[in-house]
Amino acid sequence: MTFLRRRPRELPRVSVVVPAYGVEDYLAESLDSVLAQQGVDLEVVVVDDGSPDRSGEIADAYAARDDRVRVLHVTNGGLGAARNVGTELVTGDYLAFLDSDDVLPSEALSTLASSLVASGSDFVTGSIVRWEDGRLDEPPWMRRLHRERRTRIEAREHPEVLGDVFAWNKLYRLSFWRQQGLEWPEGVRYEDQPTTTRAYLAGTFDVISEVVYHWRIRRDGTSITQQRASLADLSDRLLTKRMALDAVQEYDDPGTSAYFVDRVMAGDLHRYFVEIPDASDEWWLLLRQGIGDLWGEHSLVHSGLLPVHRLVGWLVEQDRREDAASVVRWLASLGGAAPRAGDRLAVPPEVLDTATVDPAALTLRDHELS
């Protein structure tokens, strides 16, 4: 009797692009996590983005002892440019991105790849946890977005997922990425949103509930999310929102556009509202102009923001900075939880004369009353 030897199961070929700049304290842990991935045929491209510290040397050391790692040293061009340069070099069937101060759970890539193998979708997105002070916490809004497993869907079927704009909790078919001409904007922060939005609108995708990424929250002042009071930060945020909005409007689906404008695009504005009391006059002017450009006559009182943030947004639209600052300070004194009286937001008269406010900015919605 003749026995045939079974060929080993072919593993998915996954390429991971890792931009590195100023991360000598974190890069080794990040690379260890990706090289420990199980169930995939791995290629890692580290782009040393002109890092002023030892990041490039650390990457070279990994490449010297592991032939799955390649290193490219380039002049500093920023995160988007580094990702683009690395993507040009990859050879796998699937493409992922890893920021060099974060880590991957041990089965992250195989979990993502298995979904695409089964579904045939163009890309897949998984949930994330924030890694802060030794704790791992899944943001409630991410848990909500990823609660139900969905396969081979389009943006119009789940427009809420357009709020999951992270570059690094996704796995793309490289053929899809290149056919669509996807790339990261260069020379601008918050480059994730325009590109991930275009991907959602261009293809079919899977949404899975598994946590596939550990996002390190750094409190050393280097994170761009800690610089919201700067003009450059606000300008980049508004620009990338405009780029994403343009893509959604080109998609030409009224339901998706409405959801994006009211629920997704407005979603992070409250993080900027907290800067109103101490920001410069130029910053305030830019905020007003940006909101006017993006929402026009469709006021933020109709958005998915919490009532107190809808109120602040309306005050911004009306150029009432002192009132907006007063509400922001009041909210901070309450620890972020604003009281209500019946079906209205309860703002004390010493904080704001609510008789001079659009009633819609104070009225709670049905789902906010439960």
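This is a short walk through one buried asparagine, the cavity beside it, a strand pair, a pocket and a threonine.

Keep in mind that we are looking at a predicted model.

Let's start with Asn169. Where does Asn169 sit in the chain? It is in the loop that runs between strand E7, residues 150–153, and strand E8, residues 170–173. Is Asn169 buried or exposed? Its relative accessible area is 0%, and the cut-off for buried is under 20%, so Asn169 counts as buried.

What does Asn169 touch, once we set aside residues up to four places away in sequence? The list is Leu112, Val124, Thr125, Gly126, Ile128, Met142, His146, Asp164, Val212 and Tyr213. Two polar contacts go with that. The side chain of Asn169 meets the side chain of Asp164 at 3.1 Å. It also meets the side chain of Lys170, here at 2.8 Å. One spacing for orientation: Arg143 is 26 residues from Asn169 along the chain, and their C-alpha atoms are 13 Å apart.

Now the cavity. How many cavities of 30 Å³ or more does the structure hold? Just one. The volume of the largest cavity is about 50 Å³. Asn169 is part of its lining, together with Val16, Ala96, Phe97, Leu98, Leu104, Ala108, Leu109, Leu112, Trp168, Lys170 and Val212. Notice Leu112 and Val212 there. Both are also on the contact list of Asn169. And Lys170, a polar partner of Asn169, lines this cavity too.

Which elements supply at least two residues each to that lining? They are strand E4, residues 94–97, and helix H4, residues 108–119. H4 has the largest share, with three residues. By class, the lining has 10 nonpolar residues, one polar and one charged.

Next, the strand pair. Strand E1 covers residues 13–20, and eight bridges join E1 to E2. The two run parallel. For one bridge by name, take Val14, whose partner in E2 is Leu42. How enclosed is E2, residues 41–49? Eight of its nine residues are buried, so E2 is largely enclosed by the rest of the structure.

On to an open site. The second largest pocket has a volume of about 310 Å³. Its lining comes from 20 residues. Nearest the centre of this pocket are Leu306, Val308, His309, Leu331 and Gly336. Three helices give two or more residues to the lining: H10 at 269–273, H12 at 307–317 and H13 at 321–333. Which one gives the largest share? That is H12, with four residues. The classes here are 14 nonpolar, four polar and two charged.

Last stop, Thr196. This residue belongs to helix H7, residues 192–202. Relative accessibility is 1% for Thr196, so it falls under the 20% cut-off and counts as buried. Which backbone oxygens does the Thr196 side chain reach? One belongs to Val165, at 3.3 Å. Another belongs to Gln193, which lies 3.4 Å from a polar atom of that side chain.

Leaving out neighbours within four places in sequence, Thr196 is in contact with Val165, Phe166, Ala167, Lys170, Tyr172 and Trp184. Lys170 turns up again here. It touches Thr196, it makes a polar contact with Asn169, and it lines the largest cavity. That links our last residue back to where we started.

Notes
Residues numbered from 1 in each chain as written. Predicted model: local features only at pLDDT ≥ 70, side-chain atom pairs only at ≥ 80, totals over all residues. Heavy atoms only, no water. Buried < 20%, exposed > 50% of the residue type's maximum accessible area, 1.4 Å probe, protein only. Contact = heavy atoms within 4.5 Å. Polar contact = N/O pair within 3.5 Å; in protein donor to acceptor, adjacent residues only side chain to side chain. 1 Å grid on protein atoms, 1.4 Å probe; cavity = no way out; pocket = protein on both sides within 12 Å on 5 of 7 lines; lining within 4 Å. Points joined across faces, edges and corners; volume = space filled by probe spheres on them. Nonpolar A, V, L, I, M, F, W, Y, C, P; charged D, E, K, R; others polar. Pairing = 2+ DSSP bridges.
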